[in-house]
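Thank you for making time for this today. I would like to walk through one structure slowly, taking a single residue as the starting point and working outwards from there.

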Amino acid sequence: MLTTILFYFFSTILVGSAAGVVLSRNPVRAALFLVLAFFESAVLWLLLDAEFLALVLVLVYVGAVMVLFLFVIMMLDINVAKMREGFTKHAPLGAVVAGLMIAEIVYVVWFRHLGITLATTAPPLPANYSNVHLLGQVLYTDYMLPFELAAIVLLIAMVAAISLTMRHRTGFKKQDISAQVARRREDAVRIVKVDSEKAS
Amino acid sequence: MMAHVPGLAWLLAQWSAMPAYLQLLIVKTAEIIGVMLAVVISVALLTYAERKVIGWMQSRHGPNQIRIFGLPILKGVAQPFADVIKLLLKEVLVPSKADKVLFLLAPMIAIVTALTTWAVVPFSPDFVLADVDAGLLYILALTSLGVYGIIIAGWASNSKYAMLGAMRAAAQIVAYEIAMGFALVGVLMASGSLNMTAIVSAQSGSILHWNLLWLFPLMIIYFISGVAETNRAPFDVVEGESEIVAGFHVEYSGATFATVFALPEYANMILIATLTSVFFLGGWLSPFQGLVPADWLLAQSSFLWLFIKILWFLFCYLWIRATFPRYRYDQIMRLGWKVFIPLTIVWILVECGMVALRVGPWAQFG
């Protein structure tokens, strides 16, 4: 009962903030609504006892991805008026995409002949049940290969991103810490003995 | 004997007549309020300690005028409370071009994230507000939310200096969070659990069983990253008085200044000190456990040991602030990305080797 009330409470906020992402005129506010939407979906996962997924969603998406997102949006000087000019032009395409997505969801949810078994009430969990342990066990046994493959794909993406942005430009000064640390007094200072002027 | 007092007997009867969930609700609410009050009062006393300690380190007196009811003890100890009263009585100014909703929302976000993290901190063997299974992840998730208070404050102020401070904060916190996360991976491997109480219990035995010994590099990195995460000197370029005036909180005044800047920063300092003690110094465990007879007072594990460890790390915070000059911004970034993250990864690999070879604390898994 309480869970149902909480579910509807948080999903109302979720839908509201998702609408806010689309409807708000200020891009920074839109991004902040997206943050709220992520947070609310994490809360919904918590209600499903998926605490690990919920916390990781907050940690990765809210704590890291959206911070960098906001960082970029705040730096850009976005001309809102110019963006709105293109609205009527792109609206039909957007409508088609939205329609397709709604149709897919309706197809899956409404027509149950796809053979998808609907979620029934989950079996009661034992008292010492640990979401994290079970998830780790499944990831490192049954899904070992896909898990490792995903890790390799991410690694390749990371290396690619770094190598794309690392440009070695000539003719500009760059700090070389190891060269600075390796510098000795003898390399830099020359002691010159200057004879003092003699009184004539 | 207590039950002879008529009013008390009536209260006790009312209490036992209550349904269990209501009792739990009342007890937990009282505990939460107690922890919050303790944190807020500690913040006030920490600001006093900071000014006194740094004063002594610089051959000054620090605050020495305001006393409690004019009593001739502890001169200046009421200074933080006077400051709080002053801040609360001042006018809250909102810049006319600011985003008013977000401008007032930022202090709330900052204070909520600074206080909610305390929910999973284990204070003593039998006192923790919520003994959740994924406590460590909860702490990582919530501390990563703290940056929103700063970013939103900086952006909503509609001021160049505040904006620059917010940018610096975002880049710095994201950089050091990764090193912090990796340092905690090492803690996880040593304790085998995400539960905070289990992390402390895994270190019981003697002082040689603490994570301090095997994870020493990770402890240093965790604490320094914690200093950077809380934007304290020498990593306080987010405020950088000499370059960007006061950074993200330049437009805040009065009560909003206290909640966007002072309270979260000091509460997070205490939190980092507590977490470093919990993760690496065995939390509430006594250092003499297993070294002196178990029935001695010294060997008893209690909150007092945690308190001493927290005080030590807080003193380190102040000590560092009085000692080191501010880092240059690119050096901060270099330290975070190019020094700390590789170091933690190397030490995780070393730890993997120790686990595989069953060395040290992992010998018991033989």
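Let me begin with Asn158 of chain B, which counts as partly exposed because 16 C-beta neighbours lie inside 10 Å of Asn158(B), and a residue has to reach 20 such neighbours before it is called buried. I should say at once that this is a predicted model, so please keep that in mind for every value I mention. Asn158(B) sits in the loop between α5 and α6 of chain B, and Asn158(B) takes a positive phi of about 55° although it is not a glycine. That deserves a remark, since most residues other than glycine have a negative phi.

Where else in chain B is there a residue that has a positive phi although it is not a glycine? Ser59(B) is one, again with a value of about 55°, and its place is in the loop between α2 and α3 of chain B, just after α2(B). Ser59(B) counts as exposed, because the number of C-beta neighbours inside 10 Å is 6. Just after α6(B) there is also a positive phi, of about 70°, and here the residue is Gly192(B).

From these loops we can move to the helices beside them, starting with α6(B), which has 32 residues and reaches 46 Å from its first C-alpha to its last, close to the 46 Å expected at 1.5 Å a residue. Is α6(B) mostly covered or mostly open? It is mostly covered, given that 24 of its 32 residues are buried.

Helix α2 of chain B runs over residues 20–57, so to speak 38 residues in total, and reaches 53 Å between its first and last C-alpha, close to the 56 Å expected at 1.5 Å a residue. The buried residues of α2(B) are Val39(B), Val43(B), Leu46(B), Tyr48(B), Glu50(B) and Arg51(B).

This helix also matters when we look at how chain B is divided, for the domain assignment gives domain 1 (21–89) and domain 2 (93–365). The centres of these two domains of chain B, taken over C-alpha atoms, are separated by 21 Å. In the contact between them, 17 residues of domain 1 of chain B meet 17 residues of domain 2 of chain B. Which elements give two or more residues to the domain 1 side of that contact? They are α2 and α3 (79–89) of chain B, and the largest share, 13 residues, comes from α2(B). Sorted by class, that side of domain 1 has 12 nonpolar, three polar and two charged residues.

Let me now turn to the core. The largest nonpolar core has 115 residues, and those that touch the most other members are Leu137(B), Ile151(B), Ala166(B) and Ile270(B). The largest share of this core, 17 residues, comes from α6(B), the helix we have already met as mostly covered. As background, in soluble globular proteins nonpolar side chains tend to be buried together.

Ile151(B) is a helpful residue to follow, because its contacts lead us out of chain B; leaving aside residues up to four places away in sequence, Ile151(B) touches Ala166(B), Ala169(B) and Ala170(B), and also Val67(A) and Leu70(A).That brings us to the contact between the two chains, which takes 15 residues from chain B and 18 residues from chain A. On the side of chain B, the elements that give two or more residues are α5 (135–156) and α6 (160–191), and α5(B) gives the most, with nine residues. The residues on this side of chain B divide into 13 nonpolar, one polar and one charged.

What does chain A itself contain, in terms of helices and strands? There are nine helices and zero strands in chain A. Buried residues make up 12% of the 200 residues in chain A. Among the contacts in chain A with a separation of 6 or more, 54% are accounted for by residues 24 or more positions apart.

I will finish with one more loop residue, Leu208(B), found between α7 (196–201) and α8 (211–214) of chain B. Leu208(B) is partly exposed, because 14 other C-beta atoms lie within 10 Å. Its C-alpha atom is separated by 8.7 Å from that of Pro287(B), although the two residues are 79 residues apart along the chain.

Methods:
Residues are numbered from 1 along each chain as its sequence is written. Chains are lettered from A and ligands numbered from 1 in the order in which they are written. This is a predicted model: local features need pLDDT of at least 70, side-chain atom pairs count only at pLDDT 80 or more; totals for chains, interfaces and linings use all residues. Two residues are in contact if their C-beta atoms, placed from the backbone, lie within 7 Å. Helices (H or I, at least four residues) and strands (E, at least two) are DSSP runs, numbered from the N terminus. Ala, Val, Leu, Ile, Met, Phe, Trp, Tyr, Cys and Pro count as nonpolar, Asp, Glu, Lys and Arg as charged, and the others, Gly among them, as polar. The expected span of a helix is 1.5 Å times one less than its number of residues. Domain bounds come from an automatic or database domain assignment. A nonpolar core is a set of buried Ala, Val, Leu, Ile, Met, Phe, Trp, Tyr and Cys residues joined through C-beta atoms within 7 Å.
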